[in-house]
Amino acid sequence: MSLTRRPSLVNRDGKLLFCPCGAKLNIIDVETGALRSLQQEEEEDITSFALSPDDEVLVTGSRALLLRQWDWREGRCTRTWRAIHVAPVASMAFDSTSTLLATGGCDSTIKIWDMIKQYCTHNLKGSSGVVHLVEFHPDVSQPRLFSSSMDYKIRIWDLGCSRCLATLDGHFSAVTSLAFADGNTLLSSGRDKICLVWDLKTRESKRTVPVYESVEAAVLLPRKGDFSQLGVKKEGLHFVTAGSKGILKVWEVATAACVYSQTVPFELQEEPSEHSLTQCLLLPARNQLLTVTAEHNILLYDAHTLQLRKQLAGYNDEVLDVKFLGPGDSHIVVATNSPQLKVFELATSHCQILYGHTETILALDVFRKGLMFVSCAKDKSLRVWRMQKDGRVSCVARGLGHAHGVGAVSCSRMKETFVVTSSQDCTIKIWNIPESLTSKAKAALLSSPETLHAKVTERAHNKDINSVAVSPNDKLLATGSQDRLAKLWSSADCSLLGVFMGHKRGIWCVQFSPVDQILATSSADGTLKLWGLRDFSCLKTFEGHDASVLKIIFVSRGTQLLSSGSDGLLKLWTIKTNECVKTLDGHEDKIWGLHSNKQDDMVVSASSDSCITLWKDVTEIEEKEAQAKEEEQILKEQELSNLLHEKRYLKALGLAISLDRPHTVLMVIKAILKETDGRKHLEENIVRLRKDQKEAVLAFLVTWNTNSRNCHEAQAVMETLLKHEAPDSLLQYVGIKPAVESLLPYTERHFQRLGRLLQASMFIEFMWQHMRLNDPAPPDVPS
């Protein structure tokens with residue numbers, strides 16, 4: 001049993017895209033890229049879903065054979081019922097009135113549901129295999145349902161008599177989409193590389209359009225509108241196809257000719273590939289066309305010109321490196337487990353996909369200004385890219401020369417003058433950047449990427465070189481290798497200056513300190529080390545990771561280190577104290593990418609779990625908040641002292657309660673009781689408190705009552721509450737039950753103690769009287 005399609009849908013205004021992902025239904029804002037999800041209660045994959053034309057009703061079907069109706073704006077399920085199908089629902093669709101829902105199942109049956117009265121109205125049998133397509137006729141006056149199943153036939157069902165009226169037989173493979181041009185014309189597309197136009201009156205095919213690729217969706221162009229830039233010169237029916245080649249084509253029905261073919265930056269392939277389009281939707285409200293690729297990328301085109309307006313990247317696969325990009329760090333560039341680079345605009349999530357490399361890109365680095373960056377890949381090459389003012393990125397240079405894949409790259413720090421690369425061939429190369437690339441005027445005149453030539457090549461290690469770094473003054477280079485060694489080189493002639501020995505396993509990363517003459521290294525032995533550049537001695541060792549430390553960067557203006565491990569953890573170290581002050585658990589797999597922005601207040605991390613995470617440094621914000629809170633506390637304490645001095649006890653009580661100071665509240669109550677008619681004043685103040693304040697005092701007196709020194713005040717407050725609050729009112733207090741349970745045993749103990757004290761007092765008085773009565777009179781004193 002297979003479910004052939006799990007499409008995406010858009011709402012009426014075209015601003016939200018609904019995409020199934022396992023047991024979740026993701027809702028994506030196409031303008032901002034923001035995402036939220038509807039999660040089913042049980043871990044059951046969503047097999048199909050439908051959104052009503054009025055945007056009010058969303059229904060999902062799952063492998064648990066249940067249908068769920070959602071209030072998708074609030075994110076909650078409002079109704080669940082059994083689908084009656086004996087196999088999962090593979091397709092569903094609403095009619096134009098949003099009152100009927102059709103569900104096509106893997107059990108070869110179709111069921112119609114009345115969404116108002118909430119019952120099944122039709123059970124249509126006769127399909128062959130999985131029903132993977134259902135569509136209502138757009139004309140309400142014609143109660144017809146169209147369906148397609150595994151026998152490649154399109155069936156027309158009369159809902160008035162619940163029977164199949166006709167079968168449209170013309171496709172030789174799965175039918176992928178149905179589109180109604182008007183009440184009597186139907187367009188169907190299929191994976192048999194043809195599109196058919198049907199006359200619904202005669203129920204015959206009146207035109208066959210060979211499209212020479214497996215088609216996943218065919219969309220009719222509106223009859224109104226200027227589509228001249230798409231080759232539409234005559235009136236008549238035109239449609240757009242999206243399929244295995246990954247391009248959009250516009251076809252004229254009258255001549256069965258392709259009048260427009262989209263140009264793309266990648267090489268077209270006859271067989272399905274990662275560029276293939278799996279879906280195409282027309283968004284009339286936005287005058288846009290939306291497509292989804294096999295890699296789950298979402299592309300929005302202008303419907304009149306097919307110019308790309310926005311692109312949202314879907315699945316990233318394993319992320320190998322990430323860097324901030326742009327003059328204000330407005331973008332990030334990402335290397336995933338593919339030959340393409342992805343450049344994301346952080347504000348809108350718009351993504352550019354850059355083509356150039358032919359094999360997996362392994363590493364990235366960005367020049368200081370943030371407008372140029374370098375990538376290196378398994379194809380033994382490096383490429384230099386430049387960002388224009390409008391945000392578009394293009395390749396401006398390419399370098400070849402390594403004998404194996406290029407695994408690490410580092411750019412010059414002061415000016416855009418050179419690039420250093422390292423490879424699995426155990427060599428490092430220094431590449432000069434010509435002035436034609438750094439000058440904006442000259443770079444704009446480039447028609448094709450320039451060729452770079454290495455000025456220096458040096459065999460640096462005996463095993464793979466994992467990392468290379470350039471010092472802040474551009475005079476030194478550092479390399480780290482699987483041979484457990486880090487080495488220091490002169491950038492002028494690549495001469496060896498020193499060797500750092502001490503790690504027990506291969507070194508994954510090397511980084512220069514931005515403020516000190518220090519080199520930091522991280523290793524597969526789980527440690528980080530700091531080395532002096534003058535004597536090559538180990539200054540500090542940081543231990544705490546339980547796995548390989550893959551990346552390190554200096555943060556907080558060189559006073560701290562941030563490290564990432566193969567266990568998915570980030571650790572923040574304070575260099576002065578050698579302590580790990582924070583462990584961040586934000587990934588589930590190896591963290592290969594780690595980079596901080598120019599402001600040094602944000603970090604981006606990227607992992608093998610396909611996630612890219614932005615981290616914000618909130619230290620200053622928290623310090624300011626703590627300082628403001630402390631100042632506020634001081635002011636309130638001063639105000640409280642003034643209120644007590646002025647004997648304004650009611651306000652003092654309220655302020656002490658708001659500060660959550662049980663001891664201060666107790667002091668206020670003791671001060672009230674010391675006054676003349678203290679009991680009376682206490683009652684007057686307690687009665688005037690709000691209910692929430694009384695609840696707080698009740699919680700406080702439970703603690704006071706446990707101490708014999710404070711039990712009198714606790715009993716006085718309790719007496720006031722019992723005297724002035726009705727039992728029904730007291731029962732509504734938060735925490736009344738545990739309060740009573742705690743008060744009873746201590747209160748009984750206090751009364752027992754008072755009883756014993758009273759008895760002792762009476763006994764002492766009795767003994768004193770008895771002693772006075774039995775004491776003989778003192779003898780007379782002689783004069």
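1. In this predicted model, strand E27 (residues 298-302) and strand E28 pair in the antiparallel sense, with four bridges between them, and Ile298 stands opposite Leu312 in E28. These strands belong to an open sheet of four strands, arranged in the order E25-E26-E27-E28 with antiparallel pairing. Strand E25 (277-283) and strand E28 (308-312) stand at the edges, and because each has a single partner strand, one side of each is left without a neighbour in the sheet. From one strand to the next, the twist averages 20°.

2. A second region worth following on the structure is centred on strand E39 (residues 427-432), which is mostly covered, since five of its six residues are buried. Strand E38 (residues 418-423) is joined to E39 by five bridges, and the two run antiparallel; within this pairing, Val420 has Ile430 of E39 as its bridge partner. The hairpin of E38 and E39 has three residues between the strands, and Cys426 there takes a positive phi near 70°. E39 is also joined by five bridges to strand E41 (residues 454-459), again in an antiparallel arrangement, and here the bridge partner of Lys429 is Thr457 in E41.

3. Thr103, which lies in strand E10 (residues 100-105), deserves a look for its surroundings. Thr103 has a relative accessible area of 0% and is therefore buried. Leaving aside residues up to four places away in sequence, Thr103 touches Leu67, His85, Val89, Ser91, Met92, Thr109, Ile110, Lys111 and Trp113. With one of these neighbours, His85, the contact is polar and runs from side chain to side chain, at 2.9 Å.

4. Cys509 is placed in strand E46 (residues 507-512), and its relative accessibility of 1% is why Cys509 counts as buried. Apart from residues up to four places away in sequence, Cys509 touches Ser467, Ala520, Thr521, Ser522, Leu550, Lys551 and Ile552. The C-alpha atoms of Cys509 and Ala408 are separated by 9.8 Å, although these two residues are 101 residues apart along the chain.

5. For the helices, the pair to examine is helix H6 (residues 678-687) and helix H8 (residues 711-724), whose axes come within 10 Å and cross at roughly 60°. That angle makes H6 oblique to H8, and H6 passes H8 in a right-handed crossing. On the H6 side the contact is made by Arg679, Leu682, Glu683, Ile686 and Val687, while H8 contributes Ala716, Val717, Glu719, Thr720, Leu721, Lys723 and His724.

6. Two loop residues call for a check of their backbone angles, given that most residues other than glycine have a negative phi. Gln118 is not a glycine, yet has a positive phi of about 60°; Gln118 is found in the loop between strand E11 (109-114) and strand E12 (119-125). Its relative accessible area is 46%, so Gln118 is partly exposed. Lys193, likewise not a glycine, has a positive phi of about 70° and lies in the loop between strand E18 (185-190) and strand E19 (194-199). Lys193 has a relative accessible area of 40% and is therefore partly exposed.

Conventions. Residues numbered from 1 in each chain as written. Predicted model: local features only at pLDDT ≥ 70, side-chain atom pairs only at ≥ 80, totals over all residues. Heavy atoms only, no water. Buried < 20%, exposed > 50% of the residue type's maximum accessible area, 1.4 Å probe, protein only. Polar contact = N/O pair within 3.5 Å; in protein donor to acceptor, adjacent residues only side chain to side chain. Contact = heavy atoms within 4.5 Å. Pairing = 2+ DSSP bridges. Axes fitted to C-alpha atoms, helices over the stretch in contact; angles between N-to-C directions. Parallel < 35°, antiparallel > 145°, perpendicular 65-115°, else oblique. Left-handed = near helix turned anticlockwise from the far one by under 90°.
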